[in-house]
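Reader: I would like a close look at one part of this model. Please take me through the ligand site and the metal beside the text of the chain.

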Amino acid sequence: KPADLNKIKQFVSQQKLPDNIQYYGTQKGKNVFMIHLESFQQFLIDYKVEGKEVTPNLNKFYHDQHTLSFDNFYNQVGQGKTSDAEMMQENSLYGLSTGSAMVKYGTNNTFESLPAILNQRGYTTAAFHGDVASFWNRDNTYKSFGYNYFFSKAYYPNANKPNFNVGYGLKDKIFLQDSAKYIEQLPQPFYAKLLTVTNHYPYDLDKENIDFPATTTGDKTVDGYVQTAHYLDQSFAELTDYLKKAGLYDNSVFVLYGDHYGISENHQPAIAKLLGKDKVTNYDLAQFQKVPFMIHANGLKGGIDHTYGGEIDMLPTLLDLLGVPDDQLTMFGRDMLSTKYEGVVPFRDGDWVTPTYMKYNNQYFNTKTGDQVTLDTDVDLKKTATETQAYVDKVLAYSDSVITGDLLRFDTSRADFHKVNKKTFDYKKSVG
Ligand code: GP9
Ligand code: MN
């Protein structure tokens, strides 16, 4: 078994890329806000309904000269949805091919996660979420990840009031305001992860909070999506306004990401209408898997970056900015800031996207033009497809064996392993 890990670590170290000297360590020691935008797809950015922007505040943030915004960034989740996104974001390990890795392995496995890495660098780490602590087994998993604190629903005095919840938990505006009051009491530097939830299927919101026209596809489960997305956008602006006043904006790095699609492929006629097309192809559906990935910090050299990447790449990219040495970490993603980075985005079902070709629902496309291509007629595709498929199958299998075999436990003898003592964490109120 330790030999399995060695083989995998060898592969991981071979695919490690040099840091980018323009960025490396430029954000070292700053507070980190990780803002999880529930079910938020990239197409919402700059999207308009009846001439109005759905997300004016996030658009402004996206286009800010100090925000690095990736516009070819894909979600890579499987059945574990939000929890798969978290697994990738905190560890650069994939979710599993079935079920949720956090549910099955979060309690007992050894991890070397972002909270543990930052704890060792003097950070206080805290996760915030307006749903019950046990959802996706967060209460146990966050201990394994090394979170000092987990503020779940039970910590929010407003959570029991009527009309303060919708869907899975506290409404985002209340959740983010109440979370900010906890955050400003944390010793700095801190790593704060905020998991929003109102922009979640079926996109319900009370009348008083609806401040945006629904779309008119005629599909009831789709048409409210822009309304809850708009509400999330307003909540985000309220949070950042508050943090600016509290003096926490300029000395913090903000990482924003969408976890997965909001509108599933079961709604193709509605998707076609949203995109202004007669019919959607598998190419369109692949584009629809894009989610935002933005990193903002005072003085950061920003811009829209067209690099192809996915959630698995978030951690190595952030560690580059924070100046954290990561040569020994078992991460399957790669640093999107590295000048040597070449995008290969594996999906959990074995499909993939590269800057030249993509495979989606068993069809191949030219990534740039969207033209369908076939293995028989396109020699370049054949080469790319063979190499890419081998790589994709390998990383998914390796990541799976790290999780299902709990292989990182064999790495704890490393002098620089970021150990976690789960027993030192007690999220008290979060129980029950
Ligand atoms: C609930 C929330 C939703 O706590 O994270 O999870 P999802 O259904 O998106 O996986
Ligand atoms: Mn989710």
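How far does a polar side-chain atom of Glu-38 lie from an oxygen atom of ligand 1?

Author: The model is predicted, so read each distance as a computed value. A polar side-chain atom of Glu-38 lies 2.9 Å from an oxygen atom of ligand 1. Two further residues make contacts of this kind. For His-129, a polar side-chain atom is 2.6 Å from an oxygen atom of ligand 1. For Arg-138, the distance from a polar side-chain atom to an oxygen atom of the ligand is 2.7 Å. On its own, ligand 1 has 310 Å² of accessible area, and the protein covers 95% of that.

Now the shell. Glu-38, Lys-81, Thr-82, His-129, Asp-131 and Phe-135 belong to the surroundings of ligand 1. Trp-136, Arg-138, Tyr-168, His-200 and His-260 belong there too. By class, the shell holds 3 nonpolar, 4 polar and 4 charged residues.

Glu-38 has a second role in this picture. Its side chain also appears among the protein donors of the manganese ion, ligand 2. Glu-38 is listed there twice, each time through an OE atom. The other protein donors are Thr-82 through OG1, Asp-259 through OD and His-260 through NE2. These protein donors lie 2.0 to 2.7 Å from the ion. Thr-82 and His-260, like Glu-38, are also in the shell of ligand 1.

What about geometry? There are 6 donor atoms around the manganese ion. The angles they subtend run from 52 to 167°, which makes the arrangement irregular. Along the sequence, the donor residues follow the spacing E-x43-T-x176-D-H. Distant parts of the chain are linked here: Glu-38 and Asp-259 are 221 residues apart. Glu-38 sits in the loop between strand S1 (31-37) and strand S2 (48-49). Asp-259 sits in the loop between strand S10 (252-258) and helix H10 (268-275).

One more element, further along the numbering, is a run of strands. Strand S15 (residues 357-360) pairs with strand S16 (residues 363-366) in the antiparallel sense, over 4 bridges. The two form a hairpin with 2 residues between them, and Asn-361 in the turn has a positive phi of about 45°. S16 also pairs with strand S17 (residues 372-373), again antiparallel, over 2 bridges. That hairpin has 5 residues between its strands, and Gly-370 in the turn has a positive phi of about 85°. Tyr-364 ties the description together: Lys-359 stands opposite Tyr-364 in S16, and Tyr-364 stands opposite Val-373 in S17.

Definitions and conventions. Residues are numbered from 1 along each chain as its sequence is written. Chains are lettered from A and ligands numbered from 1 in the order in which they are written. This is a predicted model: local features need pLDDT of at least 70, side-chain atom pairs count only at pLDDT 80 or more; totals for chains, interfaces and linings use all residues. Side-chain values use heavy atoms; hydrogens and water are left out. Two strands pair if DSSP finds at least two bridges between them. A residue is near a molecule or strand if one of its heavy atoms lies within 4 Å of it. A polar contact is a pair of N or O atoms within 3.5 Å; within protein, one must be able to donate a hydrogen and the other to accept it, and residues adjacent in sequence count only if both atoms are side-chain atoms. Accessible areas come from the Shrake-Rupley method with a 1.4 Å probe; for residues, only the protein chains shown count as cover. Ala, Val, Leu, Ile, Met, Phe, Trp, Tyr, Cys and Pro count as nonpolar, Asp, Glu, Lys and Arg as charged, and the others, Gly among them, as polar. Donors are N, O and S atoms within 2.8 Å of the metal (3.2 Å for Na, K and Ca); water is not among the atoms, so sites may look incomplete. Four donors count as tetrahedral if all angles lie between 85 and 135 degrees; four count as square planar and six as octahedral if opposite donors are over 155 degrees apart and all others between 65 and 115; anything else is irregular.
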